[in-house]
Amino acid sequence: MRVLVLGGDGYLGWPTALHLSRAGHEVGIVDNLVRRQYDLEMGVDSLVPIPKIQRRVARWHEVSGLRMALYVGDITDYMFVERTISTFEPEAIVHFAEQRSAPYSMIDRAHAVYTQTNNVVGTLNLLYAIAELDPAIHLVKLGTMGEYGTPNIDIEEGFIEIEHKGRKDVLPYPKQPGSFYHLSKVHDSHNIMFACKIWGLRSTDLNQGIVYGQQTKEVALDDGLATRLDYDGVFGTVLNRFCAQAVAGHPLMVHGKGGQTRGMLDIRDTLACIELAVTHPADKGEYRVFNQFTEEFSVLDLAERVAHAYGGVEIAHIANPRVEADEHYYRAAHTKLLELGLVPHLLTSEQIESLLELAERYKDRIDLAAIEPTVSWRSTCSTLTTASSSTGNAVQAMALSLAEGWNHR
Ligand code: NAD
Ligand code: USQ
């Protein structure tokens with residue numbers, strides 16, 4: 001199939017592009033490289049060094065003999081989206097291209113506005129471009145389990161049957177997201193569902209849990225094919241962070257009691273789920289939701305597993321910088337991808353050890369100052385802002401000018 005991977009320079013987009021390419025699909029990558037700008041803005045860097053996207057694409061050709069098309073540009077620019085889709089003529093679009101950090105979206109007004117504009121406008125542009133250019137294109141959109149929040153009842157896959165005053169209906173599952181980032185995903189979901197209804201588009205909304213790990217079959221072939229791994233207080237996700245904290249000799253920072261329970265999955269399963277969604281497209285006019293995770297863990301459970309695997313590392317309960325329940329009921333359905341054939345890689349002690357080994361290999365790159373959480377949900381203006389001023393717009397402008405430069409070459 002011809003598959004366009006939006007956000008193909010990111011943590012998950014890059015290994016997905018490689019995986020789909022190796023599986024025999026014709027792959028095109030779209031990215032405005034803004035993720036690299038967030039690093040510059042915050043003065044942090046991926047734990048694993050990553051080459052420039054142009055170099056990575058060239059390296060993939062050298063290693064595998066396979067080519068991938070590269071389009072550097074911003075999907076909030078409709079002309080760019082239209083031009084790229086008309087040129088590449090995809091059968092499926094995998095959409096990773098959003099600002100994905102909850103803390104980043106909670107820094108201040110500028111970052112919240114940037115996050116919601118970037119995410120909602122980008123997705124809306126895509127919906128219009130698909131409707132106008134080729135409504136048969138299957139949109140595989142990365143959503144998040146965090147759209148549901150932590151209700152005191154079981155979470156279903158996208159929809160729930162409700163009986164109210166003697167009548168029944170199947171309705172979208174209620175959403176109680178926990179950050180302006182997670183809210184942007186809810187807004188996207190509503191827009192996508194509506195576009196499928198009015199224009200007969202087809203889409204799969206993948207409500208993904210927290211991803212851990214860095215090694216996939218293709219990434220492991222060569223250091224020049226590495227994908228990023230974030231451990232900092234803004235973009236680092238919990239298990240990846242705990243492993244970096246352990247090797248840096250830093251206590252594992254559990255927010256509050258650590259009873260926050262989340263759906264999680266190995267990065268290799270992200271790739272498998274995307275491939276399953278792409279190769280089993282939604283029907284015309286169908287909007288479907290898959291909960292994309294394989295296991296549930298509490299934050300404290302993860303910290304204890306890492307402490308057990310590493311030895312000698314402390315667990316510190318710090319005041320929670322977020323507003324979230326740190327003890328709650330959690331049980332979420334996740335059968336649809338299993339029914340399509342997903343065989344999960346569960347979190348074993350070997351997997352934690354391999355993540356710790358990776359962190360050991362790049363230990364010298366760990367900046368202890370970057371580990372501290374800097375964003376508070378309770379404040380409308382977190383300390384990070386003093387260093388970065390009105391960065392949301394500045395970051396976007398920088399990314400746009402970078403993209404312009406590349407496209408005019
Ligand atoms: P990432 O930030 O590493 O990658 C996103 C990529 O999209 C970046 O390379 C960035 O430059 C690009 N991008 C952002 N805005 C763009 C725009 N307007 N135009 C073009 N490119 C743009 O994030 P990731 O961890 O790879 O996550 C990918 C997707 O998966 C996100 O949508 C995220 O919400 C979702 N997700 C991630 C996780 C996780 O644990 N990492 C979990 C659940 C869902
Ligand atoms: N946490 C800690 N200590 C840390 C880091 C996090 O206790 O050092 C806690 C957080 O308070 C939270 C939980 O761990 O309760 C998860 O935090 P996270 O930063 O790993 O994940 P989150 O902010 O939810 O976001 C990540 C991705 C996002 C994706 C989401 C999936 O960045 O793109 O949408 O996971 S989900 O959680 O299912 O919404």
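What follows is a walk through this predicted model, from a central strand outwards to its helices, rings and a few single residues.

Let us start with strand S5, residues 138-144. Seven of its seven residues are buried, so to speak from end to end. His-138, Val-140, Leu-142 and Thr-144 point one way from the strand, while Leu-139, Lys-141 and Gly-143 point the other way, and both sets are buried. Strand S5 has partners to pair with. Strand S4, residues 92-95, runs parallel to S5 and is joined to it over four bridges; in this pairing, Ala-92 has His-138 as its bridge partner. Strand S8, residues 202-208, also pairs with S5 in the parallel sense, over seven bridges. If you would like a landmark in that pairing, look for Val-140, which stands opposite Thr-204 of S8.

While you are at S8, have a look at Asp-205, which is found in that strand. Its relative accessibility is 1%, and because buried means under 20%, this acidic residue counts as buried. What does Asp-205 touch, leaving aside residues up to four places away in sequence? Its contacts are Lys-141, Gly-143, Ser-189, Tyr-287, Arg-288, Val-289 and Phe-290. Two of these names are familiar from S5, where Lys-141 and Gly-143 point to one side of the strand. For a sense of distance, Asp-205 and His-190 are 15 residues apart in sequence and 10 Å apart in space, C-alpha to C-alpha.

Ser-189 leads us on to helix H7, where it is one of the buried residues. The helix covers residues 180-199, and at 1.5 Å a residue its 20 residues should span 28 Å; the end C-alpha atoms are 28 Å apart, in agreement. The other buried positions in H7 are Tyr-181, His-182, Ser-184, Lys-185, Val-186, Asp-188, Ile-192, Ala-195 and Cys-196. Their cover includes S5 and S8, along with helix H5 (102-105), helix H6 (109-133) and strand S12 (287-292).

Strand S12 is also the place of Gln-292. With a relative accessibility of 0%, Gln-292 counts as buried. Apart from residues up to four places away in sequence, it touches Leu-142, Leu-206, Asn-207, Gln-208, Gly-209, Leu-265, Thr-270, Cys-273, Ile-274 and Leu-337.

A little further along the chain comes helix H10, residues 299-310. Its 12 residues should span 16 Å at 1.5 Å a residue, and the end C-alpha atoms are 17 Å apart, which agrees. Which residues of H10 are buried? They are Val-299, Leu-302, Ala-303, Val-306 and Ala-307. Seen down the helix axis, these buried residues fall within an arc of 135°, so they line one face of H10. The general reason is that an α-helix has 3.6 residues a turn, so residues three or four places apart point the same way. Covering the buried residues of H10 are, among others, helices H8 (238-247) and H12 (349-361) and strands S10 (252-255), S11 (261-266), S13 (295-298) and S14 (315-318). Just after the helix, Gly-311 takes a positive phi of about 80°.

Now for the aromatic rings. A search of the whole structure finds nine aromatic pairs. In one of them, Tyr-38 and Phe-235 have ring centres 5.4 Å apart and planes at 15°, so the pair is stacked. The pair links distant parts of the chain: Tyr-38 belongs to helix H2 (residues 34-42), and Phe-235, 197 residues apart from it, lies in the loop between strand S9 (210-212) and H8. Both Tyr-38 and Phe-235 are buried. A contrasting geometry appears for Tyr-71 and Phe-88, whose centres are 6.3 Å apart and whose planes meet at 80°, so this pair is edge-to-face. Here Tyr-71 of strand S3 (residues 69-72) and Phe-88 of helix H4 (residues 78-88) are 17 residues apart, and both are buried. Tyr-38 and Phe-235 also form one aromatic cluster with Tyr-104 and Tyr-114. Two of these rings carry a charge above them: the charged end of Arg-35 sits over Phe-235, 3.8 Å from the ring centre, and that of Arg-2 sits over Phe-88, 4.4 Å from the ring centre.

Our last stop is Ile-162 in strand S6, residues 159-164. Ile-162 is partly exposed, with a relative accessible area of 32%. Beyond residues up to four places away in sequence, Ile-162 touches Arg-167, Lys-168, Asp-169 and Leu-171.

Conventions
Residues are numbered from 1 along each chain as its sequence is written. Chains are lettered from A and ligands numbered from 1 in the order in which they are written. This is a predicted model: local features need pLDDT of at least 70, side-chain atom pairs count only at pLDDT 80 or more; totals for chains, interfaces and linings use all residues. Side-chain values use heavy atoms; hydrogens and water are left out. Buried means under 20% relative accessible area, exposed over 50%, partly exposed in between (1.4 Å probe, protein chains only). Helices (H or I, at least four residues) and strands (E, at least two) are DSSP runs, numbered from the N terminus. Two strands pair if DSSP finds at least two bridges between them. The expected span of a helix is 1.5 Å times one less than its number of residues. The arc is that of the directions from the helix axis to the C-beta atoms. Contact means heavy atoms within 4.5 Å. Rings of Phe, Tyr and Trp (its six-membered ring) pair if their centres lie within 6.5 Å; planes under 30 degrees apart count as stacked, over 60 as edge-to-face and the rest as tilted. A charge sits over a ring if NZ of Lys or CZ of Arg is within 6 Å of the ring centre and within 35 degrees of the ring normal.
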